[in-house]
Amino acid sequence: SLSPSIGFAWIASEENFIKNIGFINYLKVRGEMGQTSSDEFRSPFLYRDRWNIETNTANTNKFGTYYGTTGNWIGVYKQSANNYRTFPNRIGNPIIELERRKEYNVGIDAVMLKNKLSLELNYYSVLRYNVITTRTNTTPVLSGTTSTLPATNYNSYSYKGVELGLTYSDKAGDLRYTVGVNAFTQKPIIEQIDEPNYRNDYQKTVNGPSDGIRGLKYLGRFES
């Protein structure tokens, strides 16, 4: 599948209006955006039907027509001890696609204070969509396929965040040293997911954090 991407960078410190700022030695503004596909190591051939063969001669949960008078399934090989039947294990999805990912980020790289202080600042936004799942919660039971559902592109998740890195290098006499610090914050959100139609809003995960821990609040012990 097509996965285009594009990026840009501007060395702002080469411009005359930046060169006159004494404490800035280097300044770059950059940005990238793109779309990629990924194969999450799932079972191969999800586009094909998969069938099982069953040799149990019991007359329960079988396909076809059962003739109650003789106690046999119509069409079976009467002279064989094995009563072979096939049944679907999974329905294939001929239009399934790879999972997709859209991403863009912008940032700056700077070196200041006579090349002693380095700064890296990034903002990113990532959207994972077409995530492959089996829609066991949103497929009506009346479809008759709830136990053999096909894999579909349905779930999606987003991640937005900021990353900051600072490094300071200098020397004291013959001793050279470097210290650094990193900080980041991220907001992961479930954009769409196969989940039941919950009665209460607090049970729903859509539009909530994908890394959240959900449960009930303990209000205390009540006695009567």
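A residue is called buried when its relative accessible area is under 20%, and exposed when that area is over 50%. With this definition in hand, the legends below go through a predicted model.

**Figure 1. Overview of the predicted protein chain, with its elements and its cover.**
Buried residues make up 24% of the 224 residues in this predicted chain. The chain holds one helix and ten strands, and from the N terminus on these elements follow the order β-α-β-β-β-β-β-β-β-β-β. Its accessible surface comes to about 16,500 Å², and 54% of that surface belongs to carbon and sulfur atoms. If one takes the contacts between residues at least 6 apart in sequence, 64% of them join residues that are at least 24 apart.

**Figure 2. Confidence along the chain, with two stretches that call for careful reading.**
The average pLDDT of the protein chain is 83, and 83% of the residues score at least 70. Over residues 59–68, however, the pLDDT is below 50, and in the model this stretch has 20 contacts beyond near neighbours in sequence. The pLDDT is also below 50 over residues 75–81, a stretch with four contacts beyond near neighbours in sequence.

**Figure 3. The open sheet of six strands.**
Six strands, in the order β1-β2-β7-β8-β9-β10, form an open sheet in which the pairing is antiparallel. Strand β1 and strand β10, which spans residues 175–192, are the edge strands, since each of them pairs on one side only. On average, neighbouring strands of this sheet are turned by 10 degrees against each other when direction is ignored. As background for viewing any such arrangement, the side chains of a regular strand alternate between the two faces of the sheet.

**Figure 4. Strand β1 at the edge of the sheet, beside strand β2.**
Strand β1 covers residues 5–11 and is hardly covered by its surroundings, for the count of buried residues among its seven residues is zero. Seven bridges join β1 to strand β2, which covers residues 24–38, and the two strands run antiparallel. Within this pairing, alanine 9 stands opposite arginine 30 in β2.

**Figure 5. Strand β2 against strand β7.**
Strands β2 and β7 run antiparallel and are joined by 14 bridges. Two pairs of residues can be picked out here: serine 37 has arginine 100 in β7 as its bridge partner, and glycine 31 stands opposite valine 106 in β7.

**Figure 6. The largest nonpolar core, with alanine 110 as one of its members.**
The largest nonpolar core has six residues, namely Ala12, Ile18, Ile24, Leu27, Ala110 and Met112. Strands β2 and β7 each supply at least two residues of this core. In soluble globular proteins, nonpolar side chains tend to be buried together. Leaving aside its neighbours within four places in sequence, alanine 110 is in contact with Tyr26, Leu27, Leu117, Ser118 and Leu119.

**Figure 7. The hairpin of strands β7 and β8, and its turn.**
Strand β7, at residues 99–112, and strand β8, at residues 117–134, pair in the antiparallel sense over 13 bridges, and one of the facing pairs consists of aspartate 109 and its bridge partner in β8, glutamate 120. The two strands form a hairpin with four residues between them, and leucine 113 in the turn has a positive phi of about 55 degrees. Such values deserve a second look, because most residues other than glycine have a negative phi. Lysine 114, which lies in the loop between β7 and β8, has a positive phi of about 60 degrees although it is not a glycine. Asparagine 115 lies in the loop between β7 and β8 as well, and its phi is near 65 degrees, again a positive value in a residue other than glycine. Lysine 114 counts as exposed because its relative accessibility is 71%, and asparagine 115 is exposed with a relative accessible area of 54%.

**Figure 8. Strand β8 on its way to strand β9.**
Strand β8 is joined by 16 bridges to strand β9, which covers residues 151–172, and the two strands run antiparallel. One bridge of this pairing links threonine 133 to its partner in β9, threonine 152.

How values were computed
Residues are numbered from 1 along each chain as its sequence is written. This is a predicted model: local features need pLDDT of at least 70, side-chain atom pairs count only at pLDDT 80 or more; totals for chains, interfaces and linings use all residues. Side-chain values use heavy atoms; hydrogens and water are left out. Two strands pair if DSSP finds at least two bridges between them. Buried means under 20% relative accessible area, exposed over 50%, partly exposed in between (1.4 Å probe, protein chains only). Contact means heavy atoms within 4.5 Å. Accessible areas come from the Shrake-Rupley method with a 1.4 Å probe; for residues, only the protein chains shown count as cover. pLDDT is the predictor's confidence in each residue, from 0 to 100. A nonpolar core is a set of buried Ala, Val, Leu, Ile, Met, Phe, Trp, Tyr and Cys residues joined through side-chain atoms within 4.5 Å. Axes are lines fitted to C-alpha atoms, for helices over the stretch in contact, and angles run from 0 to 180 degrees between N-to-C directions.
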